[in-house]
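Visitor: Hey, got a minute to walk me through this one? I'd like to start with the sheet and then poke at the charged pairs.

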Amino acid sequence: MDYVVALPAAGSGKRMGAGKNKLFLTLANKPILIHTLEVFERDPHCTGIFLAVKQEEREYIQSLLNEYIITKVKGLPNGGKERQHSVHACLKVMEDAEIVLVHDAARPFITHSVIRRLVKTAYEKGAAVAGVRAKDTMKKVKNGIIVETVNRDDLWSIQTPQAFRFELLRQAEEDAERTGFLGTDEAMLVERLGHEIHIVESSYENIKITTKEDLIFGEAIIKHRQLNNESNLTNLMDS
Ligand SMILES: Nc1ccn([C@@H]2O[C@H](COP(=O)(O)OP(=O)(O)OP(=O)(O)O)[C@@H](O)[C@H]2O)c(=O)n1
Ligand SMILES: C[C@](O)(CO)[C@H](O)COP(=O)(O)O
């Protein structure tokens with residue numbers, strides 16, 4: 001099942017404090033942005049990538065796309081002040097597609113298997129988001145005092161990708177823009193329309209690179225995956 005993807009990449013990485021867009025930092029000697037782009041470049045079901053960028057970073061990003069031979073980028077619109085505006089900019093330049101995925105460029109460890117399940121669910125039900133079950137004990141706190149322990153069984157940490165029928169997301173985005181509503185993910189915009197959104201269980205490895213420690217986790221995930229690949233190859237050769 002085919003899809004197009006909107007990748008917001010126009011953030012400033014304030015919490016990373018690197019003094020530049022965190023997506024240009026490297027993991028295993030490759031820019032984070034390229035790790036993410038390669039997932040979609042290598043997925044035969046992805047028919048187009050729409051990347052929201054900062055005007056002043058466009059030239060550098062274009063040079064990275066050439067260097068790493070990323071061929072599926074069909075639009076490089078200017079991003080906006082907030083993440084939601086950057087996603088909206090992608091939708092505006094997007095060709096009609098049945099299914100659109102929105103994915104943070106800052107989540108380089110997403111897998112084809114999770115993408116596949118999201119796209120299938122969005123085809124069948126209209127809207128699906130990646131998430132993982134909350135692992136910690138969750139409490140509601142006001143003014144530094146615990147007011148309630150929340151039942152963890154009902155709580156999920158929501159990630160991207162988030163997959164939608166194109167028309168549904170466009171309607172939700174337009175409604176949010178018209179009313180000045182700002183959400184931290186696309187699901188919030190679709191929830192406002194009263195549409196059901198399905199959860200696809202993802203992986204704890206699908207982290208968003210946000211603060212400095214995430215670079216350590218990121219390097220560890222890459223090493224772990226490399227070791228796994230090597231042992232899978234050894235198993236294949238042994239069998
Ligand atoms: N105006 C914005 C803000 C964010 N993003 C993108 O949205 C994703 C998730 O945002 P976040 O992790 O918050 O990135 P930053 O905004 O860069 O980080 P910070 O909030 O720490 O400044 C990132 O891929 C980021 O580049 C964007 O395209 N446009
Ligand atoms: C969309 C998102 O990745 C879901 O977890 C997240 O809300 C975006 O994070 P931000 O830091 O609020 O931009």
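Guide: Sure, we'll take the sheet and then the salt bridges, keeping in mind that this is a predicted model.

Visitor: Okay, what's the strand order in the open sheet?

Guide: There are seven strands, running E5-E4-E1-E6-E10-E7-E11, and the pairing is mixed. From one strand to the next, the twist averages 30 degrees.

Visitor: Which strands stand at the edges?

Guide: Strand E5 (73–75) and strand E11 (198–201). Each has a single partner strand, so one side of each has no neighbour in the sheet.

Visitor: And how do E4 and E5 pair, parallel or antiparallel?

Guide: Parallel, over two bridges, with E4 covering residues 46–52. Ile49 sits opposite Val73 in E5.

Visitor: What does helix H5 lie across?

Guide: H5, residues 166–179, lies across strands E6 (99–102), E7 (127–133) and E10 (156–165). The helix runs at about 110 degrees to E10.

Visitor: Switching to charges. How many salt bridges does the structure hold?

Guide: It holds 14. One of them joins the side chains of Arg42 and Glu38, at 3.5 Å from N to O.

Visitor: Are those two buried or exposed?

Guide: Arg42 is exposed, with a relative accessible area of 57%. Glu38 is buried, at 9%.

Visitor: Why does 9% count as buried?

Guide: Because the cut-off for buried is under 20% relative accessible area, and Glu38 has 9%.

Visitor: Makes sense. What does Arg83 form a salt bridge with?

Guide: With Asp104, and their closest N and O atoms are 2.8 Å apart. The pair links distant parts of the chain, 21 residues apart: Arg83 is in helix H3 (residues 83–93), while Asp104 is in the loop between E6 and helix H4 (112–125). Arg83 is partly exposed at 25% relative accessibility, whereas Asp104 is buried at 8%.

Visitor: And Glu205, what's its partner?

Guide: Arg225, with the closest N and O atoms 2.9 Å apart. Here too distant parts of the chain are linked, 20 residues apart: Glu205 is in the loop between E11 and helix H7 (213–238), and Arg225 is in H7. Glu205 is partly exposed at 23%, and Arg225 is partly exposed at 27%.

Visitor: Last one: which residues do salt bridges with shared partners join into one network?

Guide: Arg83, Asp104, Arg107 and Glu186. So that network includes the Arg83 and Asp104 we just talked about.

How values were computed: Residues numbered from 1 in each chain as written. Chains lettered and ligands numbered in written order. Predicted model: local features only at pLDDT ≥ 70, side-chain atom pairs only at ≥ 80, totals over all residues. Heavy atoms only, no water. Pairing = 2+ DSSP bridges. Helix = DSSP H or I, 4+ residues; strand = E, 2+ residues; numbered from the N terminus. Axes fitted to C-alpha atoms, helices over the stretch in contact; angles between N-to-C directions. Contact = heavy atoms within 4.5 Å. Salt bridge = Lys/Arg side-chain N within 4 Å of Asp/Glu carboxyl O. Buried < 20%, exposed > 50% of the residue type's maximum accessible area, 1.4 Å probe, protein only.
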